[in-house]
Amino acid sequence: MTLKANKIIPLADTRYASSVPVVPAQPVAATGLLSDTLGRPLRDLRISVTDRCNFRCSYCMPKEIFDKDYAYLPHNSLLTFEEITRLARIFVTHGVEKIRLTGGEPLLRKNIEALIEMLAKLNTPQGRPLDITLTTNGSLLAKKAQALKDAGLQRVTVSLDGLDDAIFRGMNNVDFPVADVLEGIDVARQVGLAPIKVNMVVKRGTNDSEILPMARHFRHSGAVLRFIEYMDVGASNGWRMDEVMPSTQVIERLHAEFPLTAVDPNYPGETAGRWRYVDGAGEIGVISSVTQAFCRDCNRARLSTEGKLFLCLFANQGHDFRALLRGDYTDEQIGAAVGPVWQSRSDRYSELRAALPADTSPADGTLKRVEMSYIGG
Ligand code: SAM
Ligand code: SF4
Ligand code: SF4
């Protein structure tokens with residue numbers, strides 16, 4: 001059976017448009033050398049394991065929209081662990097070397113350690129283990145860190161927007177105490193989930209007063225603190241440019257107290273700009289997705305909780321791989337469908353942002369931009 005190209009298929013969950021990838025009549029074997037229209041390879045797969053979260057960060061899942069009536073995905077829509085692992089294995093044949101589990105809050109997905117155990121068994125075609133990591137809000141980390149480590153997770157990224165308890169409780173919007181996240185980071189370190197990265201989204205006027213306290217706290221800790229520019233992702237956070245604190249200003253503020261020197265990237269496509277404290281207290285990063293777009297090297301694809309592949313964080317249309325997983329296809333056939341999808345990719349939203357109208361959704365809302373809680377960071 002061959003499916004028609006780019007046909008929009010209405011699914012049970014119709015919140016985002018999607019098309020079912022075409023399975024070529026003559027499958028072409030994966031070479032690991034896929035390249036999109038801008039010459040970018042496919043290396044990094046981010047997998048959202050749930051669209052639910054126990055926090056309501058205003059920049060991601062504002063309470064007014066993600067309220068008790070919000071329609072989360074029904075359980076049978078979610079990819080099973082077997083489906084996720086099967087797809088991951090197929091993507092690895094196309095060059096994926098790194099997998100990041102995300103959400104929503106990934107530690108809310110029941111028995112997530114079983115999925116990690118399955119993914120940890122995958123190897124690249126060259127026989128190397130995959131780089132497997134997870135991004136979490138840290139609320140359940142103290143409880144889960146040992147099981148995650150035992151399952152084969154190598155390291156973890158924890159989101160933390162401030163140390164001041166009142167500011168932190170205000171930002172997570174569910175009155176969650178900062179002490180519990182700090183405990184989670186400590187336990188993760190003790191069990192060897194290292195190096196730990198700590199992500200702080202900076203919203204001017206809300207938590208920029210926490211830049212220096214966060215730097216002071218994580219200096220000498222071995223954790224790499226990364227300051228993220230507040231992004232216009234999704235369609236519900238009411239983003240305004242004047243609430244974005246450009247990374248250059250974050251660096252200026254830090255440099256005035258703790259002199260910094262720039263460090264070369266670890267690898268092409270690294271999202272964070274790296275800086276090191278001159279006094280040897282460690283490293284920090286800045287993720288300047290708004291003011292210094294890094295689309296040119298973007299080698300990331302994102303798989304939603306229900307198996308739609310998105311080629312950009314700002315995409316409004318996905319590629320429904322669940323339809324293929326639940327259809328009568330072999331791994332080779334599904335693998336052959338991945339190639340044309342990546343090869344036709346031309347996304348570079350952040351580079352084009354300045355030239356776009358503020359709201360790029362059409363009036364009827366059918367091509368609503370995807371939410372971060374749905375495809376993950
Ligand atoms: N719940 C987990 C967490 O918070 O770490 C994982 C999912 S969350 C969507 C992944 C990352 O996206 C977090 O580091 C979060 O701070 C970041 N994020 C969410 N909305 C954002 C926005 N509007 N701008 C910048 N970063 C954002
Ligand atoms: Fe939840 Fe993470 Fe989004 Fe905050 S950023 S609402 S913790 S998914
Ligand atoms: Fe990649 Fe899209 Fe972000 Fe550009 S805007 S870096 S293409 S995810």
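Let us start with ligand 1, where one of its nitrogen atoms sits 3.0 Å from a polar backbone atom of Y59. I should say at once that we are looking at a predicted model. A second nitrogen contact involves M231: a backbone N or O atom of this residue is 2.9 Å from a nitrogen atom of ligand 1. On the oxygen side, S159 places a polar side-chain atom 2.5 Å from an oxygen atom of the ligand.

How much of ligand 1 does the protein bury? Taken alone, ligand 1 exposes 550 Å², and the protein buries 95% of that area. Three strands, β4 (131-136), β6 (197-202) and β7 (224-229), are the elements that give two or more residues each to the surrounding shell. The shell counts 20 residues, and those that come nearest are Y59, G104, S159, M231 and M372. Sorted by class, the shell holds eight nonpolar, 10 polar and two charged residues.

I turn next to ligand 2. Which residues lie around ligand 2? They are C53, F55, C57, Y59, C60, M61, G104 and N137. Please note Y59 and G104, which belong to this group and are also among the nearest residues to ligand 1. By class, the shell around ligand 2 consists of six nonpolar and two polar residues, with no charged residue.

Ligand 3 is our third site. Here 13 residues form the surroundings, and C295, C298, C312, L313 and S350 are the closest of them. Which elements each supply at least two residues of this shell? They are strand β11 (300-303) and helix α10 (349-352). In terms of class, the shell around ligand 3 has seven nonpolar residues, one polar residue and five charged residues.

Let me move from the ligands to the packing of helices. Two packed helices are described by the angle between their axes and the distance between the axes. Consider first helix α1 (residues 81-93) and α2, which pack at about 25° with their axes 10 Å apart. An angle under 35 degrees counts as roughly parallel, and α1 is therefore roughly parallel to α2. The crossing of this pair is right-handed.

Helix α2, residues 112-120, also meets helix α3, residues 141-151: their axes come within 8 Å and cross at roughly 20°. These two helices are therefore roughly parallel to each other as well. Again, α2 passes α3 in a right-handed crossing.

How do helices α6 and α7 lie, roughly parallel or oblique to each other? The axes of α6 (residues 211-218) and α7 (residues 247-257) come within 10 Å and cross at roughly 55°. The two are therefore oblique to each other. Their crossing, too, is right-handed.

Finally, I would like to point out two details of the backbone. The peptide bond that joins A194 and P195 is cis, with omega at about 0°. P195 belongs to the loop between α5 (178-191) and β6, and β6 is one of the strands that give two or more residues to the shell around ligand 1.

The second detail concerns N173. This residue has a positive phi of about 60°, although it is not a glycine. Where is N173 placed? It is found in the loop between α4 (165-172) and α5.

Definitions and conventions. Residues numbered from 1 in each chain as written. Chains lettered and ligands numbered in written order. Predicted model: local features only at pLDDT ≥ 70, side-chain atom pairs only at ≥ 80, totals over all residues. Heavy atoms only, no water. Near = heavy atom within 4 Å. Helix = DSSP H or I, 4+ residues; strand = E, 2+ residues; numbered from the N terminus. Nonpolar A, V, L, I, M, F, W, Y, C, P; charged D, E, K, R; others polar. Polar contact = N/O pair within 3.5 Å; in protein donor to acceptor, adjacent residues only side chain to side chain. Areas by Shrake-Rupley, 256 points an atom, 1.4 Å probe, with all protein chains shown as cover. Axes fitted to C-alpha atoms, helices over the stretch in contact; angles between N-to-C directions. Parallel < 35°, antiparallel > 145°, perpendicular 65-115°, else oblique. Left-handed = near helix turned anticlockwise from the far one by under 90°.
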